[in-house]
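Student: I have a structure to go through and would like to take it question by question. Where should we begin?

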Amino acid sequence: MPPPRLWKNHVGPSERGDAAIPWGSVRVGIVLAAGGAVGVAYHGAVLAALEEATGWDPREAELVVGTSAGSVTGAVLRAGVPAGDLARTSEGEPLSEEGSRLAAIGSPHRPRPTPAHALAFRPVAEPAAFLHALTHPFGHPVRALVVAAMPAGGVPTSAISEGIDLLHGGAWPERPLWVCSYDLRAGRRVVFGKPGSPAATVGQAVAASCAIPGYFKPVTIGGRRYVDGGVHSMANLDLVADSGLDLVVGVSPMSQASFRLGFTPVDLMRSPLRARLRREVDALRRRGVRVIVIHPGRAVIAAMGPNPMDAARRAAVSRAGRESVRRWLADSPEGRWLARALSGDGRRGSERTA
């Protein structure tokens with residue numbers, strides 16, 4: 001099974017060298033991109049493989065940024081669920097003692113659409129924003145007009161928010177968790193958990209971040225209606241530009257490891273997302289931020305299938321993802337560099353053996 005590949009201009013041992021990393025105190029941030037049900041499985045697989053190979057605990061990340069599916073994973077991590085249990089949940093395996101204790105408190109569930117949700121009358125998602133965009137065509141983003149004009153989704157997000165709020169006990173986690181959503185009326189991204197953002201529970205914020213336009217109901221917080229943060233960006237990598245991190249690890253389920261010019265449904269969906277992600281990475285690197293993004297190769301993409309919401313594929317995605325990332329960490333220069341950066345041996349400055 002081929003490992004995921006990264007772009008050659010990502011930081012690696014051949015470009016910067018180990019001396020460029022302050023090994024004694026590496027500040028690591030995680031950016032978890034959108035990806036539906038299979039994306040949650042892929043996030044868990046990647047984080048579990050990183051922990052298994054390096055001993056680095058993703059729960060200790062200085063900053064976690066999550067969008068849509070990534071917000072679910074980020075919220076569960078910040079609640080204290082081990083990365084290995086994220087993978088075991090997708091694979092239907094028994095949880096650790098710690099994971100079992102937390103699961104007994106609460107956990108997010110996959111909303112299950114019914115025929116009633118599909119048949120219900122659904123007006124435009126945000127009439128006020130739609131009218132404002134029509135009357136102020138140069139002052140409102142085109143994407144905001146499109147999303148506001150779509151029928152409001154019919155599937156409620158309570159199954160997501162209630163379990164997450166139980167896990168967090170109604171409080172925002174002490175360690176930074178930034179959850180990306182999109183304000184329909186204002187036509188702009190809102191990052192819950194970031195200083196200055198609107199007040200919300202973690203469950204509300206995650207539900208808003210997951211509210212795919214036209215599928216889920218928009219989530220109302222403080223009188224404003226919010227939808228999926230992927231409307232602005234699938235990853236929202238730009239948020240970490242001024243965070244003071246030494247290393248940013250991104251996980252992007254909906255892009256692809258290599259560029260392929262093709263016209264299959266997979267190529268038509270994933271290639272533009274990869275190009276957008278590339279631009280975000282390049283912008284960060286120009287500002288001196290070290291970024292490594294892990295995204296699926298062909299074997300994992302095949303396991304995911306064409307429908308990101310197909311939860312029946314989670315086990316296959318998790319297994320394929322873990323194996324793929326383990327091999328990449330051992331076999332590729334970028335993977336070995338990342339393993340050294342995250343491992344306890346690397347942070348102490350000693351040599352790491354493969």
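Student: Is aspartate 238 buried, partly exposed or exposed?
Tutor: This is a predicted model, so the answer is computed from predicted coordinates. Buried means under 20% relative accessible area and exposed means over 50%. Aspartate 238 has 37% relative accessibility, so the class that fits is partly exposed.

Student: Which residue does aspartate 238 meet in a salt bridge?
Tutor: The distance for this pair is 2.9 Å, N to O. The partner lies in strand S4 (residues 188–192), while aspartate 238 lies in the loop between S6 and strand S7 (247–251), so the pair ties together parts that are 49 residues apart in sequence. The partner counts as buried, at 18% relative accessibility. The residue is arginine 189.

Student: How many salt bridges does the structure hold?
Tutor: Besides the pair of arginine 189 and aspartate 238, there is one between arginine 322 and glutamate 52, with the closest N and O atoms 2.2 Å apart. Arginine 322 lies in helix H12 (residues 314–331) and glutamate 52 in helix H1 (residues 36–54), so this pair ties together parts that are 270 residues apart in sequence. The total for the structure is 15.

Student: Which arginine at 35% relative accessibility counts as partly exposed?
Tutor: Its side chain meets that of glutamate 52 in a salt bridge of 3.1 Å, N to O. The pair links helix H1 to helix H12, with the two positions 274 residues apart in sequence. Glutamate 52 is also partly exposed, with a relative accessible area of 41%. The arginine is arginine 326.

Student: How many of the ten residues of helix H2 are buried?
Tutor: Helix H2 covers residues 69–78. The buried residues include Ala69, Val72, Leu77 and Arg78. The helix is largely enclosed by the rest of the structure, because the count of buried residues is ten of the ten.

Student: Which residue in the turn between S5 and S6 has a positive phi?
Tutor: Strands S5 (residues 219–221) and S6 run antiparallel and are joined by three bridges. They form a hairpin with two residues between them. The residue in the turn has a phi of about 60°, and it is glycine 222.

Student: What is the bridge partner of aspartate 183 in S6?
Tutor: Strand S3 (residues 177–183) runs antiparallel to S6 (residues 224–228), and three bridges join them. S6 also pairs with S5, where threonine 220 has arginine 225 as its partner. For aspartate 183, the partner is tyrosine 226.

Key
Residues numbered from 1 in each chain as written. Predicted model: local features only at pLDDT ≥ 70, side-chain atom pairs only at ≥ 80, totals over all residues. Heavy atoms only, no water. Pairing = 2+ DSSP bridges. Helix = DSSP H or I, 4+ residues; strand = E, 2+ residues; numbered from the N terminus. Buried < 20%, exposed > 50% of the residue type's maximum accessible area, 1.4 Å probe, protein only. Salt bridge = Lys/Arg side-chain N within 4 Å of Asp/Glu carboxyl O.
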